[in-house]
Amino acid sequence: MTPTKDRQPARDLKKICHFRYLPPDTIFSPDKVTSVWVVPFTEDGEIVVAHLDRWWDIMGGHVQEWEMDFIETAKREAMEEGCVTIKEISLALVIESDYFWSNPEELTYMLCYSACVDRLLPFEVNNESFGR
């Protein structure tokens, strides 16, 4: 996987950014994926979220160059931000964005996965998260 880098958000404050929710079977170019999120559910049906610097949020982040697929990204982000291991991971939705450019060939994608919590490990505050 090659994450999108060297792209800068549009600086024109008059530009409107559009997001479009797409079904999980949407076909997209993997090199156009900018971020991956994961919503881990416990056996009791509760959602595990992380206390990030921007407040409580779904765990997720950018794809790293060395990651072989987006599920690997979801697993890494769940561990980094929530000290959670996950299983039964499935793509829940795709969000298409024209945040960087307005040309159709420059659209980017954000992926949201659902998962089951495999293990809630003891939480340790780190540079990614303050709690879960």
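This report describes a predicted model of one protein chain, moving from its overall make-up to its sheet, its helix and two buried residues of that helix.

## Overall make-up

The chain contains 1 helix and 7 strands, and when these elements are read along the sequence they follow the pattern β-β-β-β-β-α-β-β. In this predicted model, 41% of the 132 residues of the chain count as buried, while the accessible surface of the chain comes to about 8200 Å², with 55% of that surface belonging to carbon and sulfur atoms.

The contacts can also be viewed by how far apart the partners lie in the sequence. Among contacts in the chain with a separation of 6 or more, 69% are accounted for by residues 24 or more positions apart.

## The sheet

Five strands form an open sheet, in the order β1-β6-β7-β2-β5 and with mixed pairing. Its edge strands are β1, which covers residues 19-22, and β5, each of which pairs on one side only. From one strand to the next, the twist averages 30°. Helix α1 packs on this sheet, where it touches β2, β5, β6 and β7, and the direction of the helix makes about 115° with that of β6.

The individual pairings show both senses. Strand β6, residues 84-97, pairs with β7 in the antiparallel sense over 11 bridges, and within this part of the sheet Ser97 stands opposite Thr108 in β7. Strand β7, residues 108-120, pairs in turn with strand β2, residues 33-41, but here the sense is parallel and the pairing runs over 8 bridges. Two positions illustrate this parallel pairing: Val38 has Tyr113 as its bridge partner in β7, and Pro40 stands opposite Ala115 in β7.

## Strand β2 and its other neighbour

Strand β2 also pairs with β5, in the antiparallel sense and over 3 bridges. Val38 takes part in this pairing too, since its bridge partner in β5 is Met59, in addition to Tyr113 as its bridge partner in β7. Strand β2 is mostly covered, with 7 of its 9 residues buried.

## Helix α1

Helix α1 spans residues 70-82 and has 13 residues, and the distance of 18 Å from its first C-alpha to its last is close to the 18 Å expected at 1.5 Å a residue. At the N-terminal end, Asp69 caps the helix, with a side-chain oxygen lying 3.1 Å from the backbone nitrogen of Ile71. After the helix comes Cys83, whose phi is positive, near 50°.

The buried residues of α1 are Phe70, Thr73, Ala74, Arg76, Glu77, Ala78, Glu81 and Gly82. What covers these buried residues includes strands β2, β3 (50-52), β5 (59-61), β6 and β7. An α-helix has 3.6 residues a turn, so residues three or four places apart point the same way.

## Two buried residues of the helix

Which residues does Glu81 contact beyond its neighbours within four places in sequence? Glu81, found in helix α1, is in contact with Ala50, Leu52, Ile58, Met59, Gly60, Phe123, Glu128, Ser129 and Gly131 once those neighbours are left aside. Glu81 counts as buried because its relative accessible area is 4%, under the 20% that serves as the cut-off.

Arg76 also has its place in helix α1. With a relative accessible area of 13%, Arg76 falls under the cut-off of 20% and therefore counts as buried. Leaving aside its neighbours within four places in sequence, Arg76 is in contact with His62, Val63, Gln64, Trp66 and Glu67. In the case of Gln64, which lies 12 residues from Arg76 along the chain, the C-alpha atoms of the two residues are separated by 9.9 Å.

Key. Residues numbered from 1 in each chain as written. Predicted model: local features only at pLDDT ≥ 70, side-chain atom pairs only at ≥ 80, totals over all residues. Heavy atoms only, no water. Pairing = 2+ DSSP bridges. Helix = DSSP H or I, 4+ residues; strand = E, 2+ residues; numbered from the N terminus. Expected span 1.5 Å × (residues − 1). Buried < 20%, exposed > 50% of the residue type's maximum accessible area, 1.4 Å probe, protein only. Contact = heavy atoms within 4.5 Å. Polar contact = N/O pair within 3.5 Å; in protein donor to acceptor, adjacent residues only side chain to side chain. Axes fitted to C-alpha atoms, helices over the stretch in contact; angles between N-to-C directions. Areas by Shrake-Rupley, 256 points an atom, 1.4 Å probe, with all protein chains shown as cover.
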